Amino acid sequence: MHRLLSLAAWAFLVWVLLTWTRTVEQLAFGAAVAVVVAVALAPLGTVVAPWRLADPRRLPWLLRVLAVSLGRIVVANVRLARRVWSPSRPLRSGMLVVPTEMTTPGGLAAVGMLTSVIVDNQLVDLDPARRLLQYHAVWVTTEDPEQAREHVNGPLERLLRPLEGDR
């Protein structure tokens, strides 16, 4: 029952974020869809309850992750806008394969989603067995996997690592 409730809460949160509408009908339909999704996904495994984010001990960590992510998003968008507005600037796009320290599905999902919101790098594929992430990068600064990791996913992984195994 706990798994169903957690999944339904996450699905409903996604529904609200995607539709961004708060009419009674829209919310009721979203709740029904969330329950159907929860029932369908429940056999796939455990899920962290969304209300765990409300734990006051997590607030400083959550704010740090949010601040680092938003800062990197703004910087990446300014860089990309500058590159678009100045077509004479060289373009060095390519694929990067970088190692990850994340070991759990939740940790891999968090790093993949958060780093893909930053427009510099978009997650293309992951190999959880070898702990590798493949990104399409707008600007490739190095082909060395460790240096690329330090630029692409390392800063967020350092923030996410302490809570990776927390359920």
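In which loop does Arg131 lie? In this predicted model, Arg131 sits in the loop that runs between strands S2 and S3. The residue is a good place to start, and the account returns to this loop after a look at the chain as a whole.

The chain is built from six helices and three strands. Followed along the sequence, these elements come in the order α-α-α-β-α-β-β-α-α. A box of roughly 55 × 35 × 30 Å, laid along the principal axes, holds the C-alpha atoms of the chain. Of the 167 residues, 31% count as buried. The chain exposes about 10600 Å², and 68% of that area is supplied by carbon and sulfur atoms. Contacts that span long stretches of sequence are well represented: among contacts between residues at least 6 apart in sequence, 71% join residues at least 24 apart. As for charge, the chain carries 18 positive and 13 negative charges, and the mean positions of the two sets are 5 Å apart.

Back at the loop between S2 and S3, Arg131 has a positive phi of about 55°, although Arg131 is not a glycine. Its relative accessible area is 33%, which makes Arg131 partly exposed. The neighbouring residue Arg130 takes part in a salt bridge with Asp127, where the closest N and O atoms are 2.8 Å apart. The two partners differ in how open they are to the surroundings: Arg130 is exposed, at 59% relative accessible area, whereas Asp127 counts as partly exposed, at 24%.

Strand S2 also contains Leu126. With 34% relative accessibility, Leu126 counts as partly exposed. Leaving aside residues up to four places away in sequence, Leu126 touches Leu108, Leu132 and Leu133. Pro99 is 27 residues from Leu126 along the chain, and the C-alpha atoms of these two residues are separated by 9.8 Å.

A second residue with a positive phi appears much earlier in the numbering. Trp20 is not a glycine, yet its phi is near 55°. Trp20 is found in the loop between helix H1 (2–19) and helix H2, and Trp20 is exposed, with a relative accessible area of 64%. Helix H2 covers residues 24–41 and includes Val24. Val24 is likewise exposed, at 67% relative accessible area. From Val24 to Val111 there are 87 residues in sequence, and the C-alpha atoms of the pair lie 34 Å apart in space.

Helix H5, which spans residues 145–152, offers a clear view of how a helix can turn one side inwards. Which residues of H5 are buried? They are Ala148, Arg149 and Val152. These residues lie on the same side of H5 because they cover an arc of only 105° around the axis. A simple rule of helix geometry helps here: an α-helix has 3.6 residues a turn, so residues three or four places apart point the same way. The cover over the buried residues of H5 comes from several parts of the chain, including helix H3 (59–85), strand S1 (94–99) and helix H4 (105–117). Strand S2 (121–127), strand S3 (132–137) and helix H6 (154–160) also belong to that cover.

Arg149 deserves a closer look, as this residue is both buried and charged. Side chains of opposite charge can pair when their charged atoms come close. Arg149 pairs with Glu157 in a salt bridge of 2.7 Å, N to O, and both residues are buried. Arg149 itself has a relative accessibility of 6%. Arg149 also forms a salt bridge with Glu150, in which the closest N and O atoms are 3.9 Å apart. Unlike buried Arg149, Glu150 counts as partly exposed, at 41% relative accessibility.

These pairs belong to a wider arrangement. A network of salt bridges links Glu101, Arg149, Glu150, Glu157 and Arg158. In total, the structure holds seven salt bridges, one of which is the Arg130–Asp127 pair described above. Arg149 thus brings two strands of this description together: the residue is among the buried residues of H5 and is a member of the salt-bridge network.

Note on methods:
Residues numbered from 1 in each chain as written. Predicted model: local features only at pLDDT ≥ 70, side-chain atom pairs only at ≥ 80, totals over all residues. Heavy atoms only, no water. Helix = DSSP H or I, 4+ residues; strand = E, 2+ residues; numbered from the N terminus. Buried < 20%, exposed > 50% of the residue type's maximum accessible area, 1.4 Å probe, protein only. Contact = heavy atoms within 4.5 Å. Areas by Shrake-Rupley, 256 points an atom, 1.4 Å probe, with all protein chains shown as cover. Lys, Arg positive; Asp, Glu negative; His and termini not counted. Charge placed at Lys NZ, Arg CZ, Asp CG, Glu CD. Arc of directions from axis to C-beta. Salt bridge = Lys/Arg side-chain N within 4 Å of Asp/Glu carboxyl O.
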